[in-house]
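Have your viewer open and a selection box ready? Let's walk through this model together, one stop at a time.

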Amino acid sequence: MIKEKSVQLKWIALASLLNNTGAAFIWPLTTMYVNKYLGQTLTTAGIVMLLISVSMMIGNYSGGWLFDHWSSYRTALLGVICSTLPIVLLIFIHDWPWYALLMVINSFGDGVNMTIINSYGTAVTDHPARFVFNYVYMAFNIGVVLGTLLVGILLPISVVLVFSVAAIFYVALTMMVLLTFNIEVKGGTKQQTKATGKTQGRPKMMMLVVLILINVMTIHISYSLWESVMAVHMTNMGIPFYAYSMLWTLNGIIIIIGQPLVNKLSPYMRLSTQIVLGILIFASSFFFLIFAKNLPEFVIDFVVLTVGETLSFAGLPAWITQLTGTENAGHYQGLYNIVISVGRAIGPLYGGYIIENGSYQELFLSVFALMLITLMFVGLKLFHIHHQQSR
């Protein structure tokens, strides 16, 4: 029986942790597995990655629409079933082309899950949205650290073992959602409705949301370069691959330590100010990349990037909720996850094109400029709104 009560933050955070631990077993593996294990070309592997990204975008949108127009609980169940079943099947069927097909279905489910987790987060009533999304983002990063560390240990033993352990996390996610997400989220609380009322009929607020989403897309175009071309760039400089992979562990550890500290900023700093500052720090790391030549310099740069990420990434969905309210939470959280997926799909293609026709330095400068220009439009719109409100 479906309950109608407040959703609990601990279950939302645990869902984020389980989903992202399971996913972190798979996403670093896909290109290498298609190319090295299944004997397909890198072009074919690239097409598979593109289909996975498109499938995730469809999942992001579908999850948001179904959350708002159908049933939040049934949408959550649809997402976890679509993400879990393919991973379980991979234990037994992982040759070509079944691996690619199952990964595309899994990606659709993960896209639904991402939107559902954020949408349920907007319905938490006993904590501010800023705290909720910081907490969920910390759980997300614990999952990424755990998954990427375990896949490095398990892959040399057996790829089937990787799929098996990933399946355990996804099955645990399905059971947890089945038992704890049986809550229908409708409308918002009195406090949330009041916040929504302030933004109704305010096209300037909606324009600000659009500008934020465009900025988020440029951020993830840039961030995806670290997941793709940066491995090649660093190994070309004689830096071993394991050193590159350990940067992601460092990234997760800094976020896990830093996120509770960021929560303490709320009495002293406006959320929008914190996010803009974080994005500026994040963007500056790509400018400094132009000059990085050795491992210590890349480590320092990645620490700067991670500080910016810690200040801004978790707050973005909370800021969007502040601006839009909870009436269409699924729609706006779906759009937020879609632009992330679009950025992650464009980034490697854009990076490859610029490197082939220019240089890494031109690539880093161009994404720095993209982030800075789109953030400038966000800042100008924000200043204009605050100026009008103070009159």
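Start by selecting helix 5, residues 98-121. Its 24 residues reach 34 Å from the first C-alpha to the last, close to the 34 Å expected at 1.5 Å a residue. Keep in mind throughout that you are looking at a predicted model. Now show the surroundings of helix 5: 18 of its 24 residues are buried, so this helix is largely enclosed by the rest of the structure.

Step back just before helix 5 and select W96 and P97. The peptide bond from W96 to P97 is cis, with omega near 0°. Most peptide bonds are trans, which makes a quick look at this one worthwhile. P97 itself sits in the loop between helix 4 (72-90) and helix 5.

**The whole chain**

Zoom out and colour by secondary structure. How many helices and strands does the protein chain have? There are 16 helices and zero strands. The radius of gyration is 20 Å, close to the 21 Å that the globule rule gives for 391 residues, so the chain is as compact as a globular protein of that length. Along the principal axes, the C-alpha atoms fill a box of roughly 60 × 55 × 35 Å. Buried residues account for 54% of the 391 residues. Taking contacts between residues at least 6 apart in sequence, 85% join residues at least 24 apart.

**The nonpolar cores**

Next, select W226, F286 and W319. These are the residues with the most contacts inside the largest nonpolar core, which has 59 residues. Helix 9 (residues 203-227) gives the most to this core, with twelve residues. Apart from this core lies another, of 51 residues; L38, I52, A167 and M176 are among them.

Centre on W319 for a closer view. Setting aside neighbours within four places in sequence, W319 is in contact with L208, I212, L271, S272, I275, V378 and L382.

**Aromatic rings**

Now show the side chains of Phe, Tyr and Trp. The count comes to 15 aromatic pairs in this model. Try W226 and F302: their ring centres are 4.5 Å apart and their planes meet at 55°, so the pair is tilted. W226 lies in helix 9 and F302 in helix 13 (residues 295-312), so the pair ties together parts that are 76 residues apart in sequence. Both W226 and F302 are buried.

Move on to F282 and F313, another tilted pair, with 5.3 Å from centre to centre and 45° between the planes. F282 belongs to helix 12 (residues 271-289) and F313 to the loop between helix 13 and helix 14 (315-324), so this pair ties together parts that are 31 residues apart in sequence. Are these two buried or exposed? F282 is buried, and so is F313. Widen the selection to Y137, F140, Y223, F282, F286 and F313, and you have one aromatic cluster.

**Helix 13**

You have already met F302, so select the rest of helix 13. At 1.5 Å a residue, its 18 residues should span 26 Å, and the end C-alpha atoms are 26 Å apart, which agrees. Which residues of helix 13 are buried? They are F298, D301, F302, L305, T306, G308, E309, T310, L311 and S312. At the N-terminal end, look for N294, which caps helix 13: a side-chain oxygen of N294 lies 3.1 Å from the backbone nitrogen of E297.

**N141 and its partners**

E309 leads to the next stop. Select N141, found in helix 6 (residues 129-154). Leaving aside neighbours within four places in sequence, N141 is in contact with N251, I255, I256 and E309. Draw a C-alpha to C-alpha distance from N141 to I255: the two are 7.0 Å apart in space and 114 residues apart in sequence. N141 has a relative accessibility of 3%, so N141 counts as buried.

**Last stop: T174**

Finish at T174, in helix 7 (residues 159-180). Why does T174 count as buried? Its relative accessibility is 17%, and the cut-off for buried is under 20%. Show the side chains of T174 and T84 to find a polar contact between them, at 2.8 Å. Apart from neighbours within four places in sequence, T174 is in contact with V80 and T84.

Definitions and conventions:
Residues numbered from 1 in each chain as written. Predicted model: local features only at pLDDT ≥ 70, side-chain atom pairs only at ≥ 80, totals over all residues. Heavy atoms only, no water. Helix = DSSP H or I, 4+ residues; strand = E, 2+ residues; numbered from the N terminus. Buried < 20%, exposed > 50% of the residue type's maximum accessible area, 1.4 Å probe, protein only. Polar contact = N/O pair within 3.5 Å; in protein donor to acceptor, adjacent residues only side chain to side chain. Contact = heavy atoms within 4.5 Å. Core = buried A, V, L, I, M, F, W, Y, C linked by side-chain atoms within 4.5 Å. Expected span 1.5 Å × (residues − 1). Phe/Tyr/Trp six-rings, centres within 6.5 Å; stacked < 30°, edge-to-face > 60°. Rg over C-alpha atoms; globule rule 2.2 N^0.38 Å.
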